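Let's take a walk through this one together, starting from a single strand pairing and working outwards. Keep the structure open beside you as you read.

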Amino acid sequence: MPASVMPTSSRGDGSQSSAAVSAVGLRKSYGDKTVLDGIDLRIPAGSVFALLGPNGAGKTTTVQILSTLISADGGQAQVAGHDLSADPQAVRAAIGVTGQFSAVDGLITGEENMLLMADLHHLPRREGRRVAAELLERFDLTEAAKKPAATYSGGMKRRLDIAMTLVGDPRIIFLDEPTTGLDPRARHNMWQIIRDLVTGGVTVFLTTQYLEEADELADRIAVLHDGRIAAEGSAEELKRLIPGGHIRLRFTDPAAYRSAATELTEATRDDEALALHIPSDGSQRELRSILDWLEAAGIEADELTVHTPDLDDVFFALTSSSSNESSRGVTEPGSSVNEPKEKAR
Amino acid sequence: MSTQTAPARPAPARPAAGLPLAVRDSTTMLRRNLLHARRYPSLTLNLLLTPVMLLLLFVYIFGDTMSAGMGGGADRSAYIAYLVPGLLLMTIGSTTIGSAVSVATDMTEGIIARFRTMAIHRGSVLIGHVVGSVLQCVMSVILVGVVAVAIGFRSTDATALEWLAAFGLLVLFATALTWIAVGMGLSSPNAEAASNSAMPLIFLPLISSAFVPVHAMPGWFQPIAEYQPFTPAIETLRGLLLGTEIGHNGWLAVTWSLALAALGYFWSKSLFDRAADRR
């Protein structure tokens, strides 16, 4: 039965109301392990959508289902107006996929990879050569075009990967963790590439572990947790869910830790790590006043770090508020399972 | 949207379904595989070494003993004639190990996932491998054949039609073993495992009538040697090239080939279709 709730996109006309991707109740499990437990998505054509989540949250599985690589156990989805299970070939004709692991043929050259894609998209020979040369140029790979792709650096491989994805001029592009494993410069290059895609009117579905990346690129972000969408909204909307940052004081001497803990009553204790968390917005003014106050109280920590909100905090916020009924919620920051990452400043 | 920075290319026409698409995509995949084989010929050449070495070993080192064992005053050149058809088929078995290895290697590459998300003919990846492998088998058989002729092998009484039939048999047999090898490659997690599981393809010729006649083997073993896939094919090829008795081996060879090809095809197809859902 075709989905009645979603207006189907006629032809990639870029109107904001049409959905490039829509899904209702997607489920997938491997054996006993439920990977996706009912995912609903609606991604307007021409927008960038980020699926945010830690390893194992089900991001890749979602991409694999929506890109026809694997089939869902339940639910239904439409991509580019075509039902995933009824007409997967039509979906494939409309999408481009760049997986988490490099999908280039390492044994042949970059140029040969591009021409292979052109042939598989049934472009006429001359057109194929033109498109290949154009994309190699655009992704700064012309110089390396005659070398085997296996000799490329991580960033070059990823660029070639995306260039190959673009050969068929897809209207919807799936990028599974496009910047994982890239160095900072290559990551910023990749961000620019993704922004350029969007100005061409392409719909981008990307997955990432980094809130920063979703923040930079996406119009809408969905947080995937334990196979469910824990929250969805713009970056601003999500950040409002995140509690403020804090200052973390770590001690090596248990006695010093205990005396500091009795002194600093508003701090959260992390007895195992001998650390105290003092709520703070991270501003210079507040930092100074806290330092002055510590000085006055005669507390000397061995390490002081300023903690800014990141993905972990989003998860604390989302899992502790949305799953009170279940036992999996982690209620206190700093308690064992999801030790927040600290950012030294 | 009113303006776009880049003029959009016309969307590629929906690919025609059916045979033209299958042929077109399989040809593309074949080109890819041949490019691999041409860039990295070492695997193919290594596998070619085994039959050539065995040929030289059995002719020049064991030749006198072996020909004496055949009885009837056979000399070394008679043994060469006896040996070559078996080694040509062994060459095929050996070459298809390469197919198992390259399929297994290919399946670990991300590009296969990319192919699966493209609107191309589903089977083209495997068909490309099979056709490429059969072409490599033909080339390898020709190379080993050249060596055989160089050391004195002569076809005594083959007509043009028999040559054609011999060629047809080799291609059919190569196709059959390749589909099996592709299945072995698909069921192996990596190249090493594929090369191990494909061992029977080179082991079976050793216990066929390739080196010694079946009737010279222990009685309990004779049925195994006689009815395994290699022996009928070898005996048929011998008959075509040298005029020996073919008997029931002709249809046995064809039946074995068709059965193995069908088995390998369906096995490979189900493995390939399932592989995406495997984790």
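Start in chain A, where β3(A) and β9(A) run parallel and are joined by 4 bridges. Keep in mind from here on that this is a predicted model. Across that pairing, Phe49(A) stands opposite Arg220(A) in β9(A). On the way out of β9(A), the chain makes a hairpin into β10(A), with 2 residues between the two strands. Have a look at Asp226(A) in that turn: its phi is positive, at about 50°. The two strands of the hairpin, β9(A) and β10(A), run antiparallel, with 5 bridges joining them. One pair to pick out here is Ala222(A) with its bridge partner Glu232(A) in β10(A).

So how covered is β9(A)? Mostly: 6 of its 6 residues are buried. Its side chains alternate, with Arg220(A), Ala222(A) and Leu224(A) pointing one way, and Ile221(A), Val223(A) and His225(A) pointing the other. Both sets are buried, and that includes Arg220(A) and His225(A).

Now zoom out to the sheet these strands belong to. It is an open sheet of 6 strands in chain A, in the order β6-β7-β8-β3-β9-β10, and the pairing is mixed. At the edges sit β6 (95-98) and β10 (228-233) of chain A, each of which pairs on one side only. From one strand to the next, the twist averages 15°. As a reminder, strands of a sheet pair through backbone hydrogen bonds, either parallel or antiparallel.

Elsewhere in the sheet, strand β7 (residues 172-176) of chain A runs parallel to strand β8 (residues 203-208) of chain A, and 5 bridges join the two. Phe174(A) has Phe205(A) as its bridge partner in β8(A). Helix α1 (residues 59-66) of chain A packs on the sheet, where it touches β3 (48-52), β7, β8 and β9 (220-225) of chain A. The direction of this helix makes about 150° with that of β7(A). Then there's helix α5 (residues 154-166) of chain A, which lies across β6 and β7 of chain A and runs at about 165° to β6(A).

What about chain A as a whole? It has 11 helices and 14 strands, and buried residues make up 46% of its 345 residues. Among its contacts with a separation of 6 or more, 66% are between residues 24 or more positions apart. The chain is divided into domain 1 (19-104 + 152-234) and domain 2 (246-322), and the centres of these domains, taken over C-alpha atoms, are 37 Å apart.

Next, over to chain B. How many helices and how many strands does chain B have? There are 12 helices and 0 strands. The C-alpha trace of chain B spans about 90 × 40 × 35 Å along its principal axes. Buried residues account for 44% of its 279 residues. For contacts with a separation of 6 or more in chain B, 80% come from residues 24 or more positions apart.

The two chains come together in the list of core residues. The largest nonpolar core has 147 residues, and those touching the most other members are Val21(A), Ala50(A), Val79(A), Met114(A), Ala163(A) and Leu83(B). Helix α4 (residues 76-107) of chain B gives the most to this core, with 17 residues. As for Leu83(B), once you leave aside its neighbours within four places in sequence, it is in contact with Leu55(B), Phe58(B), Val59(B) and Phe211(B). Another core lies apart from the big one: it has 9 residues, including Leu249(A), Tyr257(A), Ala260(A) and Leu276(A).

Finally, how far can you trust what you're looking at? The model scores ipTM 0.82 and pTM 0.77. Chain B averages a pLDDT of 86, and 91% of its residues score at least 70. Over residues 1-16 of chain B, though, the pLDDT is below 50, and this stretch has 20 contacts in the model beyond near neighbours in sequence. Where pLDDT is low, the predicted coordinates should not be read in detail. In chain B, confidence is highest in helix α7 (residues 160-186) of chain B, at a mean of 94, and lowest in helix α3 (residues 63-70) of chain B, at 78.

Note on methods: Residues numbered from 1 in each chain as written. Chains lettered and ligands numbered in written order. Domains from an automatic or database assignment. Buried ≥ 20, exposed ≤ 12 C-beta atoms within 10 Å, placed from the backbone. Contact = placed C-beta atoms within 7 Å. pLDDT = per-residue confidence, 0-100. Core = buried A, V, L, I, M, F, W, Y, C linked by C-beta atoms within 7 Å. Pairing = 2+ DSSP bridges. Axes fitted to C-alpha atoms, helices over the stretch in contact; angles between N-to-C directions.
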